[in-house]
Amino acid sequence: MVIAIGFEGSANKIGVGIVRDGEVLANVRETYITPPGEGFLPKETAQHHRSKIHDILKRSLAVAGISPKDIDVVCYTKGPGMAPPLLAVAIVARTVALIWNKPILGVNHCIGHIEMGRLITKAENPTVLYVSGGNTQVISYACKRYRIFGETIDIAIGNCLDRFARIIRLSNDPSPGYNIEQMAKKGTKYLPLPYSVKGMDVSFSGILSFLEQKARPKANQKKKQKTTDAIPEQFSDEDLCFSLQETLFAMLVETTERAMAHTGSQEVLIVGGVGCNERLQQMMGIMCEERGAKLFATDERFCIDNGVMIAHAGWEQFRSGTRMAWKDATITQRFRTDEVEVTWRDD
């Protein structure tokens, strides 16, 4: 029996999770929420994490009903992510590992999402769509690596949604993407937007620029623009949210299906914060049904960044024999998914 504790803080979520041999014992999380129209900056996000992590750690131990002596390995997010928040959490993980005299393991954030998704859904060997605020990748496992079949060549889909939410000044509570999803449900008109799929890769910055140029006159009257160049008045913010979602998600479904065709996969697993979106799950589900495949997805407890996914991925690594030297217990802001040797899976 192995008990692992995981610390996650790569972006605006700070979480501590505890697992015991595939069983979730605790999953405690807080979110740094900024005012409408504002994003979260690295320095302020790190300050938020430092102010919350001690309380979250105590709560997670209480929820799990264990003490530090029961823990076998301390896991933390090594990357990718924003450097100041990553560093703030890594320092805490290193500190408790030293105080408790426990081994420490750095975990790839994306691998955490994938292994958490596989644990909860019981998907065996799925094509993975990883969609979040900082990452967009289509992934498939082969030969001890998670191989990236396609990805964004500029900004992540979550970043695109967040920035559009700031343009139309949507609330960041509980998240910009969630509020866009709710507005999109009320949209009735589709505004044609740029559709940018380049082979297996996607591009979102042009779509965002198009909307910024067209929608900004409504959000900021100080910027003047020709009426003919702006979005026609009959398109409401709800219509714009609907149009944006339909376009972005169609691009993701296309690239995911192409990866499935290449690998012969009959499973799709959606992970990452944007993976909670019901419309994305619905569109992907239609594609899977047409192919006779299965769709797997999780709810907000596990698709949004959390400590338990880091604990579980670290548990998988630890039980397969992976160990980390103290000198390597650092952060890597750009930590590629395919850099990790997947020692815990059999080909």
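Where is the place of proline 80? Keep that question in mind while we walk through this predicted model together; the reply comes in point 6.

1. **The five-stranded sheet.** A good place to start is the open sheet, which is built from five strands in the order E3-E2-E1-E4-E5, with mixed pairing. Its edge strands are E3 (23–31) and E5 (104–108), and each of these pairs on one side only. On average, neighbouring strands of this sheet are turned by 20° against each other, direction ignored. If sheets are new to you, here is a helpful reminder: strands of a sheet pair through backbone hydrogen bonds, either parallel or antiparallel.

2. **Strand E1 and its two partners.** Try tracing E1 (residues 3–8) and looking to each side. Toward E2 (residues 13–20), the two strands run antiparallel and six bridges join them. One pair to find is isoleucine 3, which stands opposite arginine 20 in E2. E1 and E2 form a hairpin, with four residues between them. E1 is also joined to E4 (residues 73–79), this time by four bridges, and these two strands run parallel. Here glycine 6 has cysteine 75 of E4 as its bridge partner.

3. **How enclosed is E1?** Is strand E1 largely enclosed by the rest of the structure or not, and why? Six of its six residues are buried, so E1 is largely enclosed by the rest of the structure. For a residue to be called buried, its relative accessible area must be under 20%. Ile3, Ile5 and Phe7 point one way from the strand, while Ala4, Gly6 and Glu8 point the other way, and all are buried.

4. **E4, E5 and the helices on the sheet.** Moving on along the sheet, E4 and E5 pair in the parallel sense over five bridges. Tyrosine 76 stands opposite glycine 106 in E5. Helix H2 packs on the sheet, where it touches E1, E2, E4 and E5, and its direction makes about 160° with that of E4. Helix H3 (residues 109–121) packs on the sheet as well, touching E1, E3, E4 and E5; the direction of H3 makes about 85° with that of E5.

5. **Helix H1 against helix H2.** Now look at how H2 (residues 83–100) meets H1 (residues 42–64): they pack at an angle of about 35°, and their axes are 8 Å apart. The crossing of H1 and H2 is right-handed. On the H1 side, the residues that take part include His49, Ile53, Leu57 and Leu61, and on the H2 side they include Val89, Val92, Val96 and Trp100. By kind, the residues of this contact divide into 12 nonpolar, two polar and two charged.

6. **Two cis peptide bonds.** Back to the opening question: proline 80 has its place in the loop between E4 and H2. The peptide bond from glycine 79 to proline 80 is cis, with omega near -5°. Another cis peptide bond joins aspartate 173 and proline 174, with omega about 0°. Proline 174 is found in the loop between helix H4 (157–167) and helix H5 (176–184).

7. **Positive phi outside glycine.** Two residues deserve a look at their backbone angles. Asparagine 101, in the loop between H2 and E5, has a phi near 60°, a positive value in a residue other than glycine. Its relative accessibility is 68%, so asparagine 101 counts as exposed; the cut-off for that word is over 50%. Cysteine 143 lies in the loop between strand E7 (136–142) and strand E8 (145–151), and its phi is near 55°, a positive value in a residue other than glycine. Cysteine 143 counts as exposed because its relative accessibility is 55%.

8. **Helix H7.** Let us finish with a small calculation you can follow. Helix H7 (residues 237–263) has 27 residues, and at 1.5 Å a residue it should span 39 Å; its end C-alpha atoms are 39 Å apart, so the two values agree. The helix is followed by glycine 264, whose phi is positive, near 75°. Within H7 you can find threonine 247, which counts as buried because its relative accessibility is 1%. Leaving aside neighbours within four places in sequence, threonine 247 is in contact with Tyr190, Leu193, Pro194, Tyr195 and Ile207.

Conventions: Residues are numbered from 1 along each chain as its sequence is written. This is a predicted model: local features need pLDDT of at least 70, side-chain atom pairs count only at pLDDT 80 or more; totals for chains, interfaces and linings use all residues. Side-chain values use heavy atoms; hydrogens and water are left out. Axes are lines fitted to C-alpha atoms, for helices over the stretch in contact, and angles run from 0 to 180 degrees between N-to-C directions. A crossing is left-handed if the near helix is turned anticlockwise from the far one by less than a right angle, and right-handed if clockwise. Contact means heavy atoms within 4.5 Å. Ala, Val, Leu, Ile, Met, Phe, Trp, Tyr, Cys and Pro count as nonpolar, Asp, Glu, Lys and Arg as charged, and the others, Gly among them, as polar. Buried means under 20% relative accessible area, exposed over 50%, partly exposed in between (1.4 Å probe, protein chains only). Two strands pair if DSSP finds at least two bridges between them. The expected span of a helix is 1.5 Å times one less than its number of residues.
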